[in-house]
Structures are given as C-alpha cells and as structure tokens.
Amino acid sequence: MKTFPIGGIHPSDNKQWSKSSAIEAMPLPDVVTIPLSQHIGAPAVAKVAKGDKVLTGQLIAEAASFMSANIHSPISGTVTSVDMLPNAQGLRQMMITIKREGDEWVEGIDRSDKLVTECNLDSAEILARIKSAGIVGMGGATFPTHVKLSIPAGKKAEFLIINGVECEPYLTSDYRTMLEYGDRLIVGVRILMKALDVKKAFIGIENNKPDAVAHLRTLAAGIEGLEVVPLKVRYPQGGEKQLIAALTGRQVPPPPGLPIDVGAVVCNASTTVAVYDAVQKNKPLIERVVTVTGKHVAQPKNLLTRMGTSISALVAVAGGLPEGDVKVLNGGPMMGRAMINLDSPVTKGCSGITILDGREAHRNAAAVCIKCAKCVEACPMGLEPFFLSKMSQRKSWDVVEANRITDCIECGSCQYTCPASLPLLDFIRTGKQAVMGIIRARAAAKK
Amino acid sequence: MSILLFTVLTLCVLGVLSAVVLYFVARKFKVEEDPRIDEVEKMLPGANCGGCGFAGCRAMAEALVKRDDISELFCPVGGGDTMKAVATYLGKAAPEKEPRVATVRCGGTCEKRPRTNTFDGARSCAVASSLYVGETACAYGCLGYGDCVTACAFDAIHINPETGIAEVDAEKCTACGACVKACPKGLIELRKKWPKGRAIYVSCMSRDKGAVVMKACKAGCIGCGKCEKVCEFGAITVQNNLAFIDSDKCRLCRKCVNECPTGAIRIIGLAPLPKAPKAAPATPAAAPAAKAEPAAPKANSAAAKNTVAETAEKVESVVNKKEE
C-alpha cells in the first residue's frame, strides 16, 4: 500500500466519536459574522454597508486581487455592522455582521437535490464560475481554488489529486462528505479534470476509511482515468506534498516551488463538492460540513453549517462544553489552533471543532533536548526540528533560513514525538514567520 | 646516534627557514591599525550590548576613531562621562545626550486586567504573540513571559510576579534598547531619565476604542483626551485612541495625572497634586471609571477557560505507544 517516503507519525485517529453520525443540517443562525479574510492572500473588499439588505448567496465582499476570494452572504437579512471584531484568537479582524430575516435566496441558484451530471462548459467558464463562487481550499489551508487551477504559462498539469486523506485525528467532515455526497464529489472530479485538461485523476483515502474507499470505487467505476487509491495510515499524509509523493512518487521542489512544478494539482474532497455546487448549481460557497467532536462531547456531530455561524452555537447543538477546564480547537489536535473566543464564526477553512478536557490537553513540562533525533526521524520534510527550534529561539534567522525553515509544513510531528516534551513547533513557527518576513522584505527591496 | 643528530639538524634548519619566510611575509602583509582604537576600546564599558548600534565595543571604537564627526555616536551604557573622556582623548567634540531609561508602558496588573484563558505553549512572548491575543482580552498589553528579561545584559528588567508585568530597575538600566527590540508588543519606550527615578507616562499602549479597552482592562487609556487639554506644555498628544506624553516636553507638572479617568497615567517618585483644588473636575472624571466596573466581569464570563497550544494530547500518544 502506498504512502509518503520519509518521516511521519501514528497518532491514534480518534475518529470513532463522530464517524458514524450522519451529516445534519444546523438550524439557520439568527446572526452571522463574516470575516473579510477567510483565505490566504489579500482580504476581500466589503461591498455592503451598515443597513443594507442582503439575500442568501449575494456577493457581499469582492476579491481584492487575483490572490483573494469572493465572499457571499450565507443568510438573508440586514447588515448591522462592518467593523473590527475579535476572531477565534482574540485578534481583531474586519467582519460583516448580518441579522437574519427569513431565508430568501438570490435568483439563479439551483437549490434542488437533483444531481446534474452533464457539464457542457469549457475550461475558462468553469474557472470563472469557481472564481465567482469564492471557493478556497476547505481542508484548512484556504488557498483560493481558482489560483490553483490557473496553470501558469509553460507548465502542464498531468494529474488531478483529490485529497480525501483526512489524516488529522478526530475530524470526520471529509469522510462523511465522501460517504454522503460521493455522487456530487465524482461529478466535481470530472469537472476539475475537464477544467485542467488532465487524463488522470486520483482520489487518495487513508485505509482507516475502507467504506469511503469502497463507496467511491463503485461510483468511480466506468470513469476513464479516475482511480481511488487507499493509502497506508500515517500522519501527515494529507499534506499536499506528502500526498503527491505517496501517489506519484514525485517530490515538490522547496518553496517557492508548487505542486504544479511536478504536474500535480491537489484539491480537498469537500472543495471538490463545493466546485460541483458552484459549476452545476451556480451555488456560491456559503455552507460547509463541520465536525464537532471530542471524547467528552455529549453528542459528537457532523454539521452542515452556514458560514459565519458562531462556534458556540455548534458546540451547543453537540451538547455543550464539558465541565471544568477545556481546550477548544479550531481544527484537529495536530494542526488546529486553540480558540479563546467561542463567539467567533465558522469560516471557509474550518473543518472541525475539537474539544479536549484538561487531562487530554495537558502538556508536560519541557525538559532539555537529549539529541535523540526522534524529531528528525519524524519530520516528513526531512528537516532537523531540534536545531531549527533552538536557532529560532536564538533569533539566528540566517542560520534557520539556510537550514530550510520555510519548508516546514507545521504538521507538529516533531513536537508530538519529542520525549523531552519540548515546544519545538512553537519556536519553529515563530522562526518561519520571521524568515518569511525577511524574504518578503528582500524581494520588495529588489523591486 | 647519527640518525638522531640528522633529525635534530634537519628540524632546526627547517625551523630557521620557516621563521625567515614568516618574517618577510609578516612585514609584507602587515595590517596598519590605529593604536588609538585599542585605547578607546579600553575606555568603553566592554559590555558588547549593541546599544550604540554597532556589533560591539570594538566596532564602536573603530567608528569613534575613524569618523571626524562623532556627534551621532553615543554609548548609552557609559553615558556622558565615557563619551567626554573618549572625545578628550581623540580631540573631538563630545556628543551630548540626555540620559534615558527604558519604560514599560503597560499598567494591566493581574487585578486590573483579568485573565481569560491559560497559555500552555512555549514561555516566550514572541511565540505567544504570534499565536493569539494573550492570556487577557487586551491585544496590546504585557504578556509577562520575559523576552525582555532574557534580552537585558544588565539584569535591569524583571517580571514582577505580583503584577505579571515587566518592571525596569532605573538604577541598572543603561538604555541600550535591547528590551525595546525584544518586546513583540512594542511596549517599551526609552524616555528621558529624571533624577531619583521620577517619571510620568501613559502606562498603556492600547489603540483600541475606549469601550473595548474598558472591557479588557481597568487601567487602560481610553483616548478621552482630557490630559491633552490640561497639559500646558503641549507634551501630550492623543492618536488612535491613545495618549502619548513626550518626555522631552513634559515638565512633571502632574496636572494630567489627576485628570485621567482610568489612572492610565502613571506617576513615579512624585506625590500627586493635592486633590482639594481638583475637587470639581474629579467628579465628572469618576463617571467613566464607574462605567468600567460592570463591563469588566462581563469579559470574565464571556471567555471560556481554554488553554492554548497546538500539539496532540500527550495522553493519547502514550496510550498509542503502548498499543504498538
């Protein structure tokens, strides 16, 4: 069975809590808050002002540049404010607040459940629809999909890879999406293959989801060039570069290298379903599946949620916060970010809410590095995390840059495996941010 | 015996030859260096703190000797005396600079700025501030993990365990500016040093709107502008909801201290002006302070008790390893 060549760890997947609960639609929220920056790149520019009436699916913020994404209203109602509000980390961000009045949709959106398999649009039209629908990578990286699909001149896409790995422990939103929206997913794959003009497509799924593999294989039968590939369970297989290596054996060059340099384009499973909705149903990205899970959550659930719904509403539907000290993560335990503000909204990149109690979230006191090199063994990018961490702590930015700190995908494997419980990634991430800043400043100075 | 003699002789000849070669090479490639650089370096404190902007004392000494105009160069550690001595030795005009002291501009003590969550990541201000707002609701305040303490080469800055805020020992501080660079929140400012540690400054850096500040911290500057109006020397400016007292213009008249409704203007080493003549303006000033009271507990309850870090739970990892 295929997997990526170096590094990786085996955390227990803990998907049992929410994997068997079918996707449930959340009741419509009364108020939504929509951050203008839900993607990598320039924040969108608000097109509405306080007091404006909006309809569900209406464009409320427009992409500021090519590397940006449109944002649509997830409900119909009145805009009550366009202001700086605290996000999940307590930092203030520009957000549009909308108060709901009924549920009126913009005309032209097909809301029926009928599966539309035929797509007669050409590549440019498909891309235009994806762009106007504001679709971004829904696995968490939130890279605008239209940018990914616009192949730069001189390069050629050979493979389309659909990322159904979901290697992050706890989360099951992609898994449930593949099981329940499999038919839409397959049409989405065909649309993407057409848009990219590729003959070969893979759907990579980790082997701990055999029913998803079997289900998609039945649906994919008879489609030329589409292959559903089960992969060996190993974290971080869902990382773009790791998945490309696992499926094609090719290695993406270090930054600024992109998957397209080895002829691959990777799309998340949920994103592919969103592409189907955008192209076939003209429906913008206004809702997504969010897993609310944890050992101590009363009813772990997979919820089909409108964007901008507050996280506390989702937690309430799942049975509320457990007693005592808890840690609420936006995402899973490996890559997710801890939240301090539960009134913050669900965004395009929010695939799950993981709730850990104090004991589960406990971090041991950091000891000293014994140079056992377990982190080096675990690093899927072939870096030396102990060294990068130490040098970042010392602010030796030139050293960490020379040692390829920008290659780090922040998967946390090093920190997970460290027997001395060192906060390796904490420092590496700070170092990476500093080096990225230096590189940007250098590029700006050259211009 | 002859072998021994031969060996010793050969080595001796080799040694002498090498010495002659080295002598000529050394003469040919001799680097002429101004002997005054060594002398000036001895006069400098030798802390190599980088406060002057150079890599170390040696680099500073070189610049002092080589440049004709040394008015731009100043050693904050040695201060005016050292610079005078160096200037006299070199026969140049001594640069004059008023002594300065690092000042931490945050007054959000544990009681005034309630903690809303616990941080369990690496104990570093740089790490915490890159991840999120901090353990309180204020995005601008002191985090208290002591990046400035690590940066200080003179043991002049410490975190007060009672307040959780960095405090500067004015006696030890040399105003080298290392802490200013280390603070990711940009809280530390080099201000004019008054005798006996006297100081008046706005102990807040929050550029949030007044209502937001009051929710997060009872000692924050709300940018009301009362101090700006009362200042006779034009030392106070309010920009982006934040007051700033220019330490070069301030005369320590203390009028602004009594005006401030939240007590964000801090006064050290001086008695505040008597309250009696201030009785009239003190009453309206108390009103916004009272407003802050009900807002504070709200901030307390709204925040869930979360802890911050992005690792997998170690408990699970242990279980997992055992299973393997």
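**View 1. Helix 2 and helix 3 of chain B lie oblique to each other.** In this predicted model, helix 2 of chain B covers residues 35-43 and helix 3 of chain B covers residues 57-66. How do we describe a pair like this? Two packed helices are described by the angle between their axes and the distance between the axes. Here the two axes come within 8 Å and cross at roughly 125°. Angles of 65 to 115 degrees would count as roughly perpendicular and those over 145 as roughly antiparallel, so helix 2 and helix 3 of chain B are oblique. The crossing of helix 2 of chain B past helix 3 of chain B is right-handed. To find the meeting place, look on helix 2 of chain B for Arg36(B), Ile37(B), Asp38(B), Val40(B) and Glu41(B). Their partners on helix 3 of chain B are Cys57(B), Arg58(B), Ala61(B), Glu62(B), Leu64(B) and Val65(B).

**View 2. Helix 3 of chain B also meets helix 4 of chain B.** Helix 4 of chain B runs through residues 79-90. At what angle do the axes of helix 3 and helix 4 of chain B cross? The crossing angle is roughly 45°, and the axes come within 10 Å. That angle makes helix 3 of chain B oblique to helix 4 of chain B. Helix 3 of chain B provides Met60(B), Leu64(B) and Val65(B) for this contact, while helix 4 of chain B provides Met83(B), Val86(B) and Leu90(B). You may recognise Leu64(B) and Val65(B), which also meet helix 2 of chain B. This crossing, too, is right-handed.

**View 3. Cys125(B) sits in helix 5 of chain B.** That helix spans residues 125-131. Is Cys125(B) buried or exposed? Its relative accessibility is 8%, and buried means under 20%, so Cys125(B) counts as buried. Leaving aside residues up to four places away in sequence, Cys125(B) touches Leu143(B), Tyr145(B), Gly146(B), Asp147(B) and Pro184(B). For a sense of scale, try finding Val202(B): 77 residues separate it from Cys125(B) in sequence, and their C-alpha atoms are 22 Å apart in space.

**View 4. Chain B as a whole has 12 helices and 10 strands.** Step back from the close-ups for a moment. Of its 324 residues, 44% count as buried. Among contacts in chain B with a separation of 6 or more, 59% join residues 24 or more positions apart. The chain exposes about 17,300 Å², and carbon and sulfur atoms supply 58% of that area.

**View 5. Three strands of chain A form an open sheet with antiparallel pairing.** Reading across the sheet, the strand order is 3-5-6. Strand 3 (45-46) and strand 6 (71-72) of chain A are the edges, each pairing on one side only. Strand 3 of chain A is joined by 2 bridges to strand 5 of chain A, residues 59-62. In strand 5 of chain A, Glu62(A) is the bridge partner of Val45(A).

**View 6. A mixed, open sheet of 6 strands in chain A follows the order 1-14-13-17-15-16.** Which strands form its edges? They are strand 1 (23-25) and strand 16 (337-338) of chain A. Helix 3 of chain A, residues 173-180, packs on this sheet and touches strand 1, strand 13 and strand 14 of chain A. The direction of this helix makes about 125° with that of strand 13 of chain A. Strand 13 (residues 287-293) and strand 14 (residues 301-306) of chain A pair in the antiparallel sense over 6 bridges. Within strand 14 of chain A, Lys301(A) stands opposite Val292(A).

Definitions and conventions
Residues numbered from 1 in each chain as written. Chains lettered and ligands numbered in written order. Predicted model: local features only at pLDDT ≥ 70, side-chain atom pairs only at ≥ 80, totals over all residues. Heavy atoms only, no water. Helix = DSSP H or I, 4+ residues; strand = E, 2+ residues; numbered from the N terminus. Buried < 20%, exposed > 50% of the residue type's maximum accessible area, 1.4 Å probe, protein only. Contact = heavy atoms within 4.5 Å. Areas by Shrake-Rupley, 256 points an atom, 1.4 Å probe, with all protein chains shown as cover. Pairing = 2+ DSSP bridges. Axes fitted to C-alpha atoms, helices over the stretch in contact; angles between N-to-C directions. Parallel < 35°, antiparallel > 145°, perpendicular 65-115°, else oblique. Left-handed = near helix turned anticlockwise from the far one by under 90°.
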